[in-house]
Amino acid sequence: ERKLKTYTFPYGTTNQHLSLDEEHVLLYLDSPQAKAVRDEEEAIRKSLYKPVSGRPLRECVKTGGTVVIVVSDITRPVHTDRMLRILVGELNLMGVQDEQITVLIALGTHRQQTREETEAVCGADMVRRLYIVQHDCHDESQLLSVGVTSRGNQVRINRLAVEADTLIVTGGISFHDMAGFGGGRKAILPGIAGYDTIMANHALALSDDEADGMNHNCDAGKLQGNPIHEDMMEGAAFVPPHFLLNLVFTASGSLYDVVSGAWDTAWQKGREKLLALDGVPIPTQADVVIGSAGGYPKDINMYQATKAHMNAVFAVKPGGIMILAMACEDMYEPASFADWFFRDDLSQVLTEVKQHFTIPAFSAYKTRCIIRQLKAVIIVTEPQYFHVIRKSGQIPALSMDEAWGIARGLLTEDGKEASYTVTVMPYAASTLPLYTGK
């Protein structure tokens with residue numbers, strides 16, 4: 001007697017559903033239902049007085065001098081407005097005036113923000129009260145050389161941060177598919193670094209020793225032997241921030257914890273908390289992984305949605321099958337990624353990435369390598385995008401049912417129609433499977 005269970009997969013602003021035979025479902029990987037912090041502002045304020053590592057804020061601030069606060073841009077919804085409101089309130093109480101404070105938006109290589117976006121990030125009140133500067137990685141007049149890392153990266157950082165009497169960095173800690181984790185040192189490099197410094201750092205993801213040209217230590221959740229992370233740490237140490245405030249979020253985006261204090265060790269503690277929260281140890285890999293990026297905005301375009309590929313690959317056997325639902329209403333955005341991702345010749349892409357490294361090009365190449373190492377990647381999306389999905393070496397489908405039908409056919413070809421295993425990942429872009437076997 002087959003027992004069917006229906007699973008729900010976020011898709012754009014709606015859901016897709018699929019009924020599976022329960023005896024074949026190996027694992028259901030969801031972000032554990034962590035308790036969200038109820039009073040965010042209280043938790044943030046408390047952490048400034050009782051940091052997880054290092055000295056409290058008041059012992060780190062030169063109250064008579066300039067204070068620069070580095071914040072994330074619009075692409076990182078990390079509650080910056082709340083962090084700023086509380087930080088500035090506490091600084092005022094210590095005797096620091098608004099006019100001593102500069103907010104520096106860490107755009108990395110991202111485009112400049114509109115006034116509306118800056119208000120959305122910082123809060124309208126802060127935009128009115130404080131001097132706010134957007135970092136521009138191409139503007140030489142903004143940059144100062146601060147040192148050379150052991151890997152030969154010439155580190156150039158925004159001069160406001162280098163010359164500040166007190167430098168405070170903020171951000172959110174998440175998994176990052178190249179640096180291992182976001183947050184911490186990333187506020188400095190890439191956040192407020194020069195373009196050449198950022199590209200030299202990210203190009204450490206390439207390796208001549210591997211057949212696919214990639215260094216496999218540069219992956220989500222990995223710091224051990226990760227040259228991108230190590231180079232970022234060295235770069236940030238040239239302008240060490242005096243104080244760090246980072247938030248840890250659940251996969252669904254609610255606040256789980258606050259870490260503050262020393263820029264390096266407090267961040268390490270936050271990273272451990274995230275790994276304990278959203279890293280899911282798995283004893284075995286499955287023949288098929290069925291998942292979703294997690295719906296809008298995680299599947300707003302292919303560039304964002306491929307984070308699902310990069311996590312789900314850890315849960316599937318080499319040569320297995322992946323089914324992912326992603327609406328991608330802005331399928332061709334950003335153009336710099338789409339141009340690379342939808343190219344036919346993959347070896348040509350690698351050659352060009354080596355000659356002129358860019359992050360979208362590398363992300364596209366990395367995702368295409370994942371697609372190539374599997375038997376099939378089936379994408380549930382809108383019919384007008386079927387032709388571009390095919391170009392990237394994936395199989396398009398209209399619904400989860402149709403995708404599962406295609407996968408069943410492939411399993412039958414392999415003689416696995418009775419013995420296959422399935423792992424379900426409805427929030428694949430924010431759940432990291434940690435394969436403990438091997």
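These legends accompany several close-up views of one predicted model.

**About the model.** Because this is a predicted model, local features need pLDDT of at least 70, and side-chain atom pairs count only at pLDDT 80 or more, while totals for chains, interfaces and linings use all residues. Residues are numbered from 1 along each chain as its sequence is written, and side-chain values use heavy atoms, with hydrogens and water left out.

**View 1. Strand S19 is covered on both faces.** Here you can look at residues 422-425, which form S19. Helices (H or I, at least four residues) and strands (E, at least two) are DSSP runs, numbered from the N terminus. Val 422 and Val 424 lie on one side of S19, Thr 423 and Met 425 on the other, and all are buried. Buried means under 20% relative accessible area, exposed over 50%, and partly exposed in between (1.4 Å probe, protein chains only).

**View 2. Strand S19 pairs with S3 and S15.** Two strands pair if DSSP finds at least two bridges between them. Three bridges link S3 (residues 25-28) to S19 in the parallel sense, and four bridges join S15 (residues 286-292) to S19, also parallel. Val 424 is a handy residue to centre on: Tyr 28 has Val 424 as its bridge partner, and Ile 290 stands opposite Val 424 as well.

**View 3. Helix H8 is largely enclosed by the rest of the structure.** H8 spans residues 227-237, and eight of its eleven residues are buried. They are Pro 227, Ile 228, His 229, Asp 231, Met 232, Met 233, Gly 235 and Ala 236. The cover over these buried residues includes strand S8 (154-158), H7 and helix H9 (265-278), where contact means heavy atoms within 4.5 Å.

**View 4. Asn 226 caps the N-terminal end of H8.** A side-chain oxygen of Asn 226 lies 3.0 Å from the backbone nitrogen of Ile 228. A polar contact is a pair of N or O atoms within 3.5 Å; within protein, one must be able to donate a hydrogen and the other to accept it, and residues adjacent in sequence count only if both atoms are side-chain atoms.

**View 5. Two loops hold cis peptide bonds ahead of a proline.** The bond from Leu 189 to Pro 190 is cis, with omega near 15°, and Pro 190 sits in the loop between strand S11 (180-181) and helix H7 (195-202). From Glu 333 to Pro 334 the bond is also cis, with omega near -20°. Pro 334 belongs to the loop between strand S16 (316-325) and helix H11 (335-341).

**View 6. His 79 has a positive phi.** Its value is near 60°, in a residue other than glycine. His 79 lies in the loop between strand S4 (67-72) and helix H3 (80-93), and at 17% relative accessibility it counts as buried.

**View 7. Cys 328 is a buried cysteine with a positive phi.** Phi of Cys 328 is near 50°, its loop runs between S16 and H11, and its relative accessible area is 0%. The closest cysteine sulfur, in Cys 369, is 20 Å from that of Cys 328, too far for a bond. Cys 369 is in no disulfide either; its nearest cysteine sulfur, that of Cys 218, is 14 Å away. Cys 369 is buried too, with a relative accessible area of 5%. The structure holds zero disulfides (pairs of cysteine sulfur atoms within 2.5 Å).
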